[in-house]
Amino acid sequence: MTIAARLAELGITLPAAAAPVAAYVPVVMSGNLAHVSGQLPFIDGKLVTGRLGDDVSLEDGAAAARACALMILAQLEAAGISLDRVSRVVKLGAFINSTADFTDQPKVANGASELMADVFGELGKHARAAVGVPALPLGAAVEVDAVIELAAD
């Protein structure tokens, strides 16, 4: 099954790839690895902002992380990389805008991790970091970056 067919089966439509908000590029290839810059969560075209442990619920945080993962896939496609070339999701880095006493960063990051496993199956299971931070660009609730291994064309 192609990844496009899998996305359709899951009822997923990828968002339009977001433009960079600073001096970086969304995807850099090094050998067979695609390094995807940190992606912010857009749901229905609106940036999810706020802080976990304050004004963003755990469920909304996980949905935001999932939205970041969808944007990672959209960035790969925008870079001209077929999602069918993904041979492994190597690592995700999840940054969660959270209060000092919020300790459920891994549960928030699961929104991105579970999306990758849903789309790519075993190949979507990855290493990960889930880190609480005091602020993110544009006030985003979550940011996720990725390292993706690709098969040859």
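Trainee: What volume does the largest pocket have?

Mentor: The largest pocket has a volume of about 200 Å³, a volume being the space filled by probe spheres set on grid points joined across faces, edges and corners. Keep in mind that this is a predicted model, where local features need pLDDT of at least 70, side-chain atom pairs count only at pLDDT 80 or more, and totals for chains, interfaces and linings use all residues. Residues are numbered from 1 along each chain as its sequence is written, and side-chain values use heavy atoms, with hydrogens and water left out.

Trainee: What makes a space a pocket, and not a cavity?

Mentor: On a 1 Å grid over the protein atoms alone, a cavity is a set of points where a 1.4 Å probe fits but cannot get out, while a pocket is an open set with protein on both sides within 12 Å along at least five of seven lines. Lining residues have an atom within 4 Å of a point.

Trainee: Which residues lie closest to the centre of the largest pocket?

Mentor: Of its 13 lining residues, they are Phe42, Ile43, Asp44, Ala67 and Leu70. Helix α2 gives the most to this lining, with five residues. Helices (H or I, at least four residues) and strands (E, at least two) are DSSP runs, numbered from the N terminus.

Trainee: How many residues of each class line the largest pocket?

Mentor: The lining has nine nonpolar, two polar and two charged residues. Ala, Val, Leu, Ile, Met, Phe, Trp, Tyr, Cys and Pro count as nonpolar, Asp, Glu, Lys and Arg as charged, and the others, Gly among them, as polar.

Trainee: Why is the contact of Arg6 and Glu9 called a salt bridge?

Mentor: A salt bridge is a side-chain nitrogen of Lys or Arg within 4 Å of a carboxyl oxygen of Asp or Glu. For Arg6 and Glu9 the N to O distance is 2.2 Å, so the pair meets the rule. Both lie in helix α1 (residues 3-10), three residues apart, about one turn of the helix.

Trainee: Why is Glu9 called exposed or buried?

Mentor: Buried means under 20% relative accessible area, exposed over 50%, and partly exposed in between (1.4 Å probe, protein chains only). Glu9 has 52%, so it is exposed. Arg6 has 22%, so Arg6 is partly exposed.

Trainee: How do you know that Asp104 and Lys107 form a salt bridge?

Mentor: Their closest N and O atoms are 3.8 Å apart, so they too fall within the 4 Å limit. By this rule the count comes to three salt bridges.
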